[in-house]
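Let's take a stroll through a protein model and see what its aromatic rings are up to. Have a look at the picture first.

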Amino acid sequence: MTKTRTGRIYRATQCSTGCVYIGQTINAFERRIYEHLHQKHKYKLQKLLCENPDDFIWEILEDNILEEKLDEREQYYFDLEVTLHGREKVLNTNDNVSSP
């Protein structure tokens with residue numbers, strides 16, 4: 001019998017700017033936060049986290065999502081944040097350090 005894998009959608013909010021990052025993981029939430037904090041500074045999120053990790057609030061937005069639905073649900077929350085706050089406030093994995 002194959003075990004169905006599930007994951008979660010999470011948000012990291014930078015308190016000082018209101019910028020948010022929407023992500024997904026099938027790993028433990030705490031492990032994913034640790035990974036973000038210890039990655040190289042290729043992306044804007046990691047650079048901001050390194051500068052002031054205590055300036056972020058982490059929260060699970062949706063849990064127990066079937067793995068094959070994670071991309072769809074992540075996109076839903078990303079689009080929702082863009083609609084509510086504007087694209088400039090929503091960090092993306094494609095936002096590298098050299099991005100404006």
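What follows is a short tour of ring pairs and a surface patch.

This is a predicted model, where local features need pLDDT of at least 70, side-chain atom pairs count only at pLDDT 80 or more, and totals for chains, interfaces and linings use all residues. Residues are numbered from 1 along each chain as its sequence is written, and side-chain values use heavy atoms, leaving out hydrogens and water.

How many aromatic pairs does a search of the whole structure find? There are four (ring centres of Phe, Tyr or Trp, using the six-membered ring of Trp, within 6.5 Å; planes under 30 degrees apart are stacked, over 60 edge-to-face, the rest tilted). One of them joins Tyr 10 and Tyr 21, a tilted pair with 6.2 Å between centres and 45° between planes. Tyr 10 sits in strand S1 (residues 6-14) and Tyr 21 in strand S2 (residues 20-25), so the pair links distant parts of the chain, eleven residues apart (strands are DSSP E runs of at least two residues, helices H or I runs of at least four, numbered from the N terminus). Tyr 10 is buried at 1% relative accessible area, and Tyr 21 is buried at 6% (buried is under 20%, exposed over 50%, partly exposed in between, with a 1.4 Å probe and protein chains only). Both tyrosines belong to one aromatic cluster with Phe 29 and Trp 58.

Now for another pair: the rings of Tyr 76 and Tyr 77 are edge-to-face, because their centres are 5.0 Å apart and their planes meet at 80°. Tyr 77 is buried at 15%, while Tyr 76 is partly exposed at 41%.
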